[in-house]
Amino acid sequence: MQITMDIPEYFGLDKTKPEIASTLKLYAALALFQAGKLSVGAATELAGVDRYTFMAECKKHDIPTINYTPEDLEAELADFRLAC
């Protein structure tokens, strides 16, 4: 799918068109990942970056990469306690 956007020149911030496109794809992937619409794998594919780069960007933008519910965390801890 191709999407076309008209962006005024003054928003270019001295970047090339490919750099702007790359940045927009990354930010879209971050937003969709944060909203729970994309998995990490799908988000990295959309952004066109490797998993480590995507995870670093998540950290940079304060986006949690592990979303345990309190119940999930308690179950994990219970399993850990049983194993010890």
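The lining of the largest pocket in this predicted model divides into eleven nonpolar, four polar and four charged residues. The space inside this pocket comes to about 710 Å³. Of the 19 residues that line the pocket, Ile 3, Met 5, Ile 20, Ala 21 and Leu 24 are the closest to its centre. Helix H1, which covers residues 17–34, supplies the largest share of the lining, with seven residues.

Helix H1 also takes part in an aromatic pair, and a search of the whole structure finds one such pair. Here the ring centres of Phe 33 and Phe 54 lie 5.5 Å apart and the ring planes meet at 85°, so the arrangement is edge-to-face; for this class, the planes must be over 60 degrees apart. Distant parts of the chain are linked in this way, since Phe 33 belongs to helix H1 and Phe 54 to helix H3 (residues 51–60), with their positions 21 residues apart in the numbering. Both Phe 33 and Phe 54 are buried.

Phe 54 appears again in the surroundings of Thr 44, a residue of helix H2 (residues 40–47). When neighbours within four places in sequence are left aside, Thr 44 is in contact with Val 49, Asp 50, Arg 51 and Phe 54. The relative accessible area of Thr 44 is 10%, and Thr 44 therefore counts as buried, the limit being under 20%.

A look at charged side chains brings the reader to Glu 74 and Arg 81. The structure holds one salt bridge, and Glu 74 forms this bridge with Arg 81, with 3.4 Å between the closest N and O atoms. The two partners fall into separate classes of accessibility: Glu 74 is partly exposed, at a relative accessible area of 44%, whereas Arg 81 reaches 52% and is exposed. The boundary that places them so is 50%, because a residue counts as exposed over that value.

One further residue deserves a visit, this time in a loop. Asp 62 sits between H3 and helix H4 (70–83). Although Asp 62 is not a glycine, its phi is positive, at about 55°. The relative accessibility of Asp 62 is 67%, so this residue counts as exposed, in contrast to Thr 44, which is buried.

Conventions: Residues numbered from 1 in each chain as written. Predicted model: local features only at pLDDT ≥ 70, side-chain atom pairs only at ≥ 80, totals over all residues. Heavy atoms only, no water. 1 Å grid on protein atoms, 1.4 Å probe; cavity = no way out; pocket = protein on both sides within 12 Å on 5 of 7 lines; lining within 4 Å. Points joined across faces, edges and corners; volume = space filled by probe spheres on them. Helix = DSSP H or I, 4+ residues; strand = E, 2+ residues; numbered from the N terminus. Nonpolar A, V, L, I, M, F, W, Y, C, P; charged D, E, K, R; others polar. Buried < 20%, exposed > 50% of the residue type's maximum accessible area, 1.4 Å probe, protein only. Contact = heavy atoms within 4.5 Å. Salt bridge = Lys/Arg side-chain N within 4 Å of Asp/Glu carboxyl O. Phe/Tyr/Trp six-rings, centres within 6.5 Å; stacked < 30°, edge-to-face > 60°.
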